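The following exercises concern a predicted model. Each task is followed by a worked solution.

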Amino acid sequence: MNSHGSAVDPPQSCHRSSVDPPWIRYGSAGDPTNTSTEDLELAPLGDSDVHVKMLAAPINPADINMIQGTYALLPELPAVGGNEGVGRVLGVGRRVTSVTPGDWVLPADAGLGTWRTEAVFPEETLLRVPRDVPVLCAATLGVNPCTAYRMLADFESLRPGDSVIQNAANSGVGQAVIQIARAAGIRTINVVRDRPDLPKLVERLVSLGADHVITEEMLRKPDMKDIFKSIPKPRLALNCVGGKSATEMLRHLPRGTMVTYGGMAKQPVTVPVSAFIFKDVKLRGFWMTQWKKDQMHSKLAVSLCELVRKGQLGTPACTEVPLEDYRAALEASMKPFTSSKQILIL
Ligand SMILES: NC(=O)c1ccc[n+]([C@@H]2O[C@H](COP(=O)([O-])OP(=O)(O)OC[C@H]3O[C@@H](n4cnc5c(N)ncnc54)[C@H](OP(=O)(O)O)[C@@H]3O)[C@@H](O)[C@H]2O)c1
């Protein structure tokens with residue numbers, strides 16, 4: 001039975017563009033700016049397939065690492081870049097039951113190749129999401145906010161009034177952590193790298209709900225004591241960076257858990273033995289891609305859309321980039337201190 005209530009509905013015809021739709025392709029691992037756009041013939045719409053018009057897709061660090069060939073999950077080459085994004089369903093095969101034309105969909109998993117204008121995807125690779133969230137928010141909902149939500153929920157039982165410390169707090173994940181924590185009454189201590197326009201960044205993160213925003217240098221200063229006069233020491237630390245940043249953050253975790261989910265500094269995590277012996281600190285890791293394999297991702301996406309509707313979760317700071325300018329967007333996404341998620345408008 002399909003979603004129109006009939007087992008015998010004809011397949012919705014697959015709309016063909018007058019020109020073949022472009023995609024951003026790479027044929028070998030290497031420099032992301034060496035990718036090229038090509039016109040691709042759409043695959044025919046099979047009975048269990050969905051024809052999707054991609055609307056918007058972000059450039060995330062994992063996409064870059066995948067093209068460089070350094071990510072834990074690598075596609076067969078040649079491949080289309082991009083793991084996240086939102087699309088609108090144009091047509092469905094006769095056995096498709098979970099979506100109908102007009103629905104908005106996200107990739108259910110990593111590796112779909114979202115940097116393209118149109119595609120025919122198998123039904124099971126897609127998740128339907130409500131259409132009443134802003135398109136850029138939907139395009140960036142499936143990875144970073146989901147990661148933030150799970151890390152806040154799954155490692156320590158945090159209660160309102162408890163606190164969390166995180167580095168790279170201005171990252172997409174970091175911004176989601178601030179907002180989701182605020183919605184749950186959890187306070188956040190947010191570590192960022194120093195930069196010329198630091199006050200502007202601090203103001204932006206505070207406007208999202210950050211309780212404290214400090215630089216990595218500040219982590220080593222005695223002034224840190226002042227923060228803990230008004231807020232309890234954290235029970236959870238979220239590590240996106242590794243290296244010194246993680247070691248310094250651990251100093252302020254009296255016990256509890258540090259979850260490593262990113263390695264932006266490309267340096268290992270070094271832990272003083274005293275943290276294990278005297279504080280019994282637990283070190284854990286998190287990978288959303290693995291979580292999605294094991295759990296109901298669709299429910300989580302719907303809960304996050306609820307936060308969006310309530311105004312408690314917004315689109316990360318971003319720059320909208322037309323597909324033809326994708327090279328500039330890839331370059332910007334790899335520069336330090338960009339503080340803006342590059343989102344391809346497709
Ligand atoms: N494990 C998972 O399931 C999972 C899920 C989502 C994301 N991630 C990972 O989380 C990380 C952030 O992803 P995102 O999409 O949120 O990133 P993003 O929005 O592109 O932000 C990147 C962040 O990394 C910081 N950064 C870059 N290089 C750095 C360095 N050398 N030292 C310290 N900070 C540095 C940037 O700070 P500046 O502004 O100072 O440059 C910025 O805060 C990535 O490693 C990504 O792969 C993991």
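**Exercise 1.** Identify which atoms of Y261, R195 and S171 lie at a short listed distance from the ligand, and state the ligand atom in each pair.

*Solution.* Step 1: Begin with Y261, which places a backbone N or O atom 3.0 Å from a nitrogen atom of the ligand. Step 2: Turn to R195, where a polar side-chain atom lies 2.8 Å from an oxygen atom of the ligand. Step 3: For S171, a backbone N or O atom is 3.4 Å from an oxygen atom of the ligand. Step 4: Apply the cut-off for a polar contact, a pair of N or O atoms within 3.5 Å. Step 5: Consider the wider surroundings: 26 residues lie around the ligand, and N170, F286, M288, F337 and K341 come nearest.

**Exercise 2.** Determine how α3 is oriented towards α4, and describe the residues in their contact.

*Solution.* Step 1: Locate the helices: α3 covers residues 144–154 and α4 covers residues 172–183. Step 2: Read the geometry, an angle of about 55° with the axes 8 Å apart. Step 3: Classify the pair: α3 and α4 are therefore oblique to each other. Step 4: Assign the handedness of the crossing of α3 and α4, which is right-handed. Step 5: List the partners: from α3, N144, P145, T147, A148, Y149, M151 and L152 meet G172, V173, A176, V177, I180 and A181 of α4. Step 6: Sort the residues of this contact of α3 with α4 into ten nonpolar, three polar and no charged.

**Exercise 3.** Carry out the analysis for α3 and α10.

*Solution.* Step 1: Helix α10 spans residues 297–309 and packs with α3 at an angle of about 95°, the axes being 10 Å apart. Step 2: That angle makes α3 roughly perpendicular to α10. Step 3: The contact involves P145, C146, Y149 and R150 of α3, together with H297, L300 and L304 of α10. Step 4: The residues of the contact of α3 with α10 comprise five nonpolar, one polar and one charged.

**Exercise 4.** Examine the backbone at P78 and at A168, and state where each residue is found.

*Solution.* Step 1: Recall the general expectation: most residues other than glycine have a negative phi, and most peptide bonds are trans. Step 2: The peptide bond from L77 to P78 is cis, with omega near 0°. Step 3: P78 is placed in the loop between α1 (61–68) and β4 (79–80). Step 4: A168, a residue other than glycine, has a positive phi near 45°. Step 5: The loop between β9 (163–166) and α4 holds A168.

Notes:
Residues are numbered from 1 along each chain as its sequence is written. This is a predicted model: local features need pLDDT of at least 70, side-chain atom pairs count only at pLDDT 80 or more; totals for chains, interfaces and linings use all residues. Side-chain values use heavy atoms; hydrogens and water are left out. Axes are lines fitted to C-alpha atoms, for helices over the stretch in contact, and angles run from 0 to 180 degrees between N-to-C directions. Helices (H or I, at least four residues) and strands (E, at least two) are DSSP runs, numbered from the N terminus. Angles under 35 degrees count as roughly parallel, over 145 as roughly antiparallel, 65 to 115 as roughly perpendicular and the rest as oblique. A crossing is left-handed if the near helix is turned anticlockwise from the far one by less than a right angle, and right-handed if clockwise. Contact means heavy atoms within 4.5 Å. Ala, Val, Leu, Ile, Met, Phe, Trp, Tyr, Cys and Pro count as nonpolar, Asp, Glu, Lys and Arg as charged, and the others, Gly among them, as polar. A residue is near a molecule or strand if one of its heavy atoms lies within 4 Å of it. A polar contact is a pair of N or O atoms within 3.5 Å; within protein, one must be able to donate a hydrogen and the other to accept it, and residues adjacent in sequence count only if both atoms are side-chain atoms.
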